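Colleague: Pick one charged part of this model and take me through it closely. I want the pairing, the burial and the strand context in one connected account.

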Amino acid sequence: MSIGDAATVFSVEHDTAASLLHMRAQSVSLLVQLKPAGLPVILHWGADLGDLDGLSAPALVAAFGPTGLDPLPSMMSSLVPEVSAAWSSRAALAGSHDGRTAAASFTVSRSRLISETPVLPGLTEVGADTLIVEAEDSVNGLALDLALQLTSNGLVRCRAGVTNKNVADYRLEGLELFMP
């Protein structure tokens, strides 16, 4: 299945506040908010939340998001925190094009599951799986590929890569992933 397949890809028509992915394995839950204009945010990583079927995505965002049960709402961030998204600490992606630095801002994002389970607006619940996110920063000419996996043993793994699509050389100085 390709990244362009509408059954597994978020598009700009999706409701950014209500697109959630809930992965569960071995008494572990990973609840992720997916955004077509931005990077995914982990709302919960820890003890199994149980079956969330029947709960609305907006209610879950309200419960686990910055105004809900999160004790440090200012710490809510994407997997790759961006200064352009009001992250007040050091940016997770640092680099420059020929010595000129600019804050990365990934404004286009596509998400899919390796299992090819359709990811739809609202709440999608799956078992162990891998989320693949492809994001673009057209201003700086950068592409970001993220993989977020919940293994069948309940282990969470993630990785990221950056591709320069700009004509100017890009010097990558650092890329860090943020897990709450």
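Modeller: Start with Glu136. This residue is partly exposed, with a relative accessibility of 29%. Keep in mind that the model is predicted, not experimental.

What does Glu136 pair with? Its salt-bridge partner is Arg110, and the closest N and O atoms of the two are 2.6 Å apart. Glu136 sits in strand S7 and Arg110 in strand S5, so this salt bridge ties together parts that are 26 residues apart in sequence. Arg110 is itself partly exposed, at 22% relative accessible area. The cut-off for buried is under 20%, so 22% does not qualify.

Arg110 has another partner. Glu134 also forms a salt bridge with Arg110, with the closest N and O atoms 3.9 Å apart. The two residues come from distant parts of the chain: Arg110 from strand S5, residues 108-113, and Glu134 from strand S7, residues 129-137, a separation of 24 residues. The limit for a salt bridge is 4 Å, so 3.9 Å still counts. Taken together, Arg110, Glu134 and Glu136 make up a network of salt bridges.

How many salt bridges does the whole structure hold? The search finds 4. Among them is Glu173 with Arg171, whose closest N and O atoms are 3.9 Å apart. Glu173 is partly exposed at 48% relative accessibility. Arg171 is exposed at 57%.

Back to strand S7, for a charged residue without such a partner. Asp129 lies in this strand. Asp129 is buried and has no salt bridge. How far away is the nearest side chain of opposite charge? That side chain is Arg112, at 8.7 Å. A salt bridge needs N and O within 4 Å, so a distance of 8.7 Å rules this pair out.

What does Asp129 have instead? Its side chain makes a polar contact of 2.4 Å with the side chain of Ser115. I would check that distance by eye. Asp129 also touches a set of residues more than four places away in sequence, including Met23, Leu113, Ile114, Thr117 and Leu148. Gln149 and Leu150 are on that contact list too.

Leu150 leads to the next strand. Asp129 stands opposite Leu150 in S8. S7 and S8 pair in the antiparallel sense, over 9 bridges. They form a hairpin with 4 residues between the strands, and Gly141 in the turn has a positive phi of about 65 degrees. Why call S8 largely enclosed? Strand S8 covers residues 142-150, and 7 of its 9 residues are buried, so the rest of the structure largely encloses it.

S8 has another pairing, with strand S9. S9 spans residues 156-164 and pairs with S8 in the antiparallel sense over 9 bridges. Ala147 has Arg159 in S9 as its bridge partner. The S8 and S9 hairpin has 5 residues between the strands, and Gly154 there takes a positive phi near 90 degrees.

Gly154 also takes part in a contact with another loop. Gln26, in the loop between strand S1 (19-25) and strand S2 (28-33), is in contact with Ser152, Asn153 and Gly154, leaving aside neighbours within four places. Gln26 and Asn153 are 127 residues apart in sequence, yet their C-alpha atoms are 5.7 Å apart in space. Gln26 is nonetheless exposed, at 57% relative accessibility.

Now the whole chain, for context. Its secondary structure is 1 helix and 10 strands. In sequence order the pattern is β-β-β-α-β-β-β-β-β-β-β. The chain has 180 residues, and 42% of them count as buried. Take the contacts between residues at least 6 apart in sequence: 55% of these join residues at least 24 apart. The chain exposes about 8,900 Å², with 53% of it from carbon and sulfur atoms.

So much for the overview. For your close look, hold on to two sites in S7. Glu134 and Glu136 share a salt-bridge network with Arg110. Asp129 is buried without a salt bridge, and its side chain has a polar contact with Ser115.

Note on methods
Residues are numbered from 1 along each chain as its sequence is written. This is a predicted model: local features need pLDDT of at least 70, side-chain atom pairs count only at pLDDT 80 or more; totals for chains, interfaces and linings use all residues. Side-chain values use heavy atoms; hydrogens and water are left out. Buried means under 20% relative accessible area, exposed over 50%, partly exposed in between (1.4 Å probe, protein chains only). Lys and Arg count as positive and Asp and Glu as negative; His and the chain ends are not counted. A polar contact is a pair of N or O atoms within 3.5 Å; within protein, one must be able to donate a hydrogen and the other to accept it, and residues adjacent in sequence count only if both atoms are side-chain atoms. Contact means heavy atoms within 4.5 Å. Accessible areas come from the Shrake-Rupley method with a 1.4 Å probe; for residues, only the protein chains shown count as cover. Two strands pair if DSSP finds at least two bridges between them.
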